[in-house]
Amino acid sequence: MTEKVLDVKNLKIDFHTYAGDVKAIRNVSFHLNKGETLAIVGESGSGKSVTTRTIIGLLAKNAEIVGGEIDFHGKNLLATKEKDWRKIRGNEISMIFQDPMTSLDPTMKIGQQIAEPLIKHKGVSKKEAWKKALEMMKAVGIPDAEKRINQYPHQFSGGMRQRIVIAIALICEPEVLLADEPTTALDVTVQAEILDLMKDLQKKIGTSIIFITHDLGVVAGMADRVAVMYAGEILEYGSVDDIFYNPQHPYTWGLINSMPTLESEELESIPGTPPNLLDPPKGDPFAPRNKYAMKIDAERKPPFFKVSETHYAATWLLHPNAPKVVPPAEIRRRQKRFAEMKEK
Amino acid sequence: MTEKKKILEVKNLKQYFKVGRSTVKAVDDVSFDIYEGETFGLVGESGSGKTTTGRSILHLYEPTDGEIIFEGKDVNKLKGKKEKLKFHRDAQMIFQDPYASLNPRMTVEDIIAEGLDIHQQIKNKADRKKRVIELLNLVGLSKEHASRFPHEFSGGQRQRIGIARALAINPKFIVADEPISALDVSIQAQVVNLMKELQEKKKLTYLFIAHDLSMVKFISDRIGVMRFGKLLEVGTADEVYNRPLHDYTKSLISAVPIPDPEVERKRQRIQYDDSKFDPRKPRSLHEIEPGHFVRCADDEVDYYLKAAKSYL
């Protein structure tokens, strides 16, 4: 039996703005198993970053948690006070941000920045923490660590800075690591190195990772399980193979279809733009952009239909009475492979 | 390809910048041709000089050395206002960041019509409005959008406005500098498809600059790979992708994540090792296969000939 590290239940978050209440997260539930990587994919504004920020208690002031629960070791994180958050953040749950250029303190030596969480959370002596920081720098692949531990962030390249950020996030060996587009700002070769590094360290420390990205290529390489978010809701979740080879929701089809593979001749784009969450749609939020949409999609929100033990999707197409639709060619090709993989 | 006309020839382009006492060789001895009606993709990592190359071609910088020949004329030696205006009518640019490249205090109509005004291509106000509406329709926006301001649009819509602006004065050649990097996946496909469609309709030639290799492969006919200001390999999209010769190109391609878990599990990354060859030797582009060039020294040609044969 896999152990759940984190369990998010029926999370609802509104943002109060001058224009009205933006319903950014609308009834999101998911869990994170021990030692796994869960990727949350979605476009900007889908609520993936807001979800992770809630898990680490870093929501903006105008955000209101309307409902839900986040269970972490029997404790509801949503009821945690700021004082207690400080014991959790950077210790039991830590986060890597997208932009390594702005997530380090430019006036602090990087050795200090890496050692700080150890001193604050684990009560380690300064000298000991410094030694650990040096080890950590070597572990994340910063060459010449003895010299560079005394340098400042501006003396490092983007890729090296992201390594430092990872070192800070992992020095307390947290149970949960939240990575919000950690490689989006980096070049492909550097991205590949950072992703390999994260996988290595995960094996060593046993951290569970929530990985946020819009790059399906990165998801395919990193994730054990995937949740697809759209307009503040999860539309489909399953194992990485379920999502890439047997996707069920038309939005997931659209996402996969709009990524060029090395063979693709044509790109099928998703028409239109995501809905305005000031006034979210009543039914399936993807319905207005969905060419497979049925009447019911506009009227009633589809429940999660079970595809397999690991795989669920919220689309009326899975209802027993729904007409059979033919998915796009690329999806059919993938589903055929899924069937072949099953047979083996 | 042989009968195709060259619209642009870049010959030994050098673009140096003075930084304090030292000089940064942002673009160093880069040569390539772009044929009429094709899309030439320029890829490379940040700092490779791909953006600088694009900007130098449009004469946004004064090149340190080298020639840029557009339709038979050297861009650096254009005389008089008339010739210069003509060049900038024929060659336009689409910028990377649709949030920074549109003036927030101008209406969409004024943004799109600015080129028309400068090049005096409109008769009166009604004509101006008509042209703007035509352009908006062309890029998939509607006439109601003309009186609005940039902040009212999403990233994808802004990029459409940027494209409409570039197209306003009927250019022949467009430098698109990472036009989709700032956009969401589903919107990227929309913009790329729009650019392809417009290329057919308007017989456009593109220089498409990007770091997303899979998208570049998809849109380009030919691709050039840059690193540290130098062009390392040029060939058709298929050659560069499926039969790369230069080790750096190989390493770059091996690092691209593919949206297919099985492929990802098997992926072997190739590390680029630039100490394999003597870095001090003079190098230039050598044609290894017809139309497929690699930057190398004279005595390294054999190595690449062998590499090319290994694919057969």
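Is A:K147 buried or exposed? In this predicted model, A:K147 is exposed, with a relative accessible area of 52%. The side chain of A:K147 meets that of A:D144 in a salt bridge, with an N to O distance of 4.0 Å. A:D144 has a relative accessibility of 48% and therefore counts as partly exposed, since the exposed class begins over 50%.

This ion pair belongs to a wider set, as a search of the whole structure finds 47 salt bridges over all chains. In chain B, B:E9 and B:K11 form a salt bridge whose closest N and O atoms are 3.6 Å apart. Of these two residues, B:E9 is buried, at a relative accessible area of 19%, a value that falls under the 20% limit for that class. B:K11, by contrast, is partly exposed at 35%. A further salt bridge joins B:E197 to B:K201, with 3.5 Å between the closest N and O atoms. Because B:E197 and B:K201 are four residues apart in helix 6 of chain B, about one helical turn separates them. B:E197 is partly exposed, with a relative accessible area of 41%, whereas B:K201 is exposed at 53%.

Salt bridges also combine into a network, which links B:E109, B:D110, B:D117, B:R128 and B:K129. Helix 3 of chain B spans residues 108-118, and B:E109 is one of its buried residues. The others are B:V108, B:I111, B:I112, B:A113, B:G115 and B:L116. Helix 4 (125-138) and helix 5 (155-167) of chain B are among the parts that cover these buried residues. Helix 3 of chain B is followed by B:Q120, which has a positive phi near 45 degrees.

Aromatic side chains were examined next. The structure holds 15 aromatic pairs over all chains. One of these is formed by A:Y230 and A:F286, which adopt an edge-to-face arrangement with 5.4 Å from centre to centre and 85 degrees between the planes. A:Y230 lies in strand 9 (residues 225-230) of chain A, and A:F286 in the loop between helix 10 (250-257) and helix 11 (295-299) of that chain, so the pair ties together parts that are 56 residues apart in sequence. Both A:Y230 and A:F286 are buried. Together with A:Y251, these two residues form one aromatic cluster.

A:H249 has contacts with members of this cluster. The residue is located in the loop between helix 9 (240-245) and helix 10 of chain A, and A:H249 is buried, with a relative accessible area of 0%. The side chain of A:H249 reaches the backbone nitrogen of A:Y251 at 3.0 Å. When residues up to four places away in sequence are not counted, A:H249 touches A:L235, A:E236, A:D284, A:F286, A:A314 and A:T315.

In chain B, the rings of B:F70 and B:F173 have centres 5.9 Å apart and planes at 45 degrees, so this pair is tilted. B:F70 lies in strand 4 (residues 65-70) and B:F173 in strand 7 (residues 173-177) of chain B, and the pair thus links distant parts of the chain, 103 residues apart. B:F70 and B:F173 are both buried. Lysine side chains also lie over aromatic rings in chain B. B:K196 is placed over the face of B:F218, at 4.2 Å from the ring centre, and the charged end of B:K217 sits over the ring of B:Y241, 6.0 Å from its centre.

The contact between the chains was then considered. The size of an interface is often given as the accessible area lost when the parts come together. Between chain B and chain A this buried area is about 3,100 Å², of which carbon and sulfur atoms give 56%. The contact takes 30 residues from chain B and 39 residues from chain A. Across the interface there are four salt bridges, including one between B:D260 and A:R337, whose closest N and O atoms are 2.8 Å apart. The count of residue pairs in polar contact between chain B and chain A, with both residues at pLDDT 80 or more, is 12. On the side of chain B that touches chain A, the elements that give two or more residues are helix 6 (185-202), helix 7 (213-219), helix 9 (247-254) and helix 10 (261-266) of chain B. Helix 6 of chain B gives the most to this side, with seven residues.

Technical notes
Residues are numbered from 1 along each chain as its sequence is written. Chains are lettered from A and ligands numbered from 1 in the order in which they are written. This is a predicted model: local features need pLDDT of at least 70, side-chain atom pairs count only at pLDDT 80 or more; totals for chains, interfaces and linings use all residues. Side-chain values use heavy atoms; hydrogens and water are left out. Rings of Phe, Tyr and Trp (its six-membered ring) pair if their centres lie within 6.5 Å; planes under 30 degrees apart count as stacked, over 60 as edge-to-face and the rest as tilted. Buried means under 20% relative accessible area, exposed over 50%, partly exposed in between (1.4 Å probe, protein chains only). A charge sits over a ring if NZ of Lys or CZ of Arg is within 6 Å of the ring centre and within 35 degrees of the ring normal. A polar contact is a pair of N or O atoms within 3.5 Å; within protein, one must be able to donate a hydrogen and the other to accept it, and residues adjacent in sequence count only if both atoms are side-chain atoms. Contact means heavy atoms within 4.5 Å. Buried area is the accessible area (1.4 Å probe) that two parts lose on being put together, summed over both.
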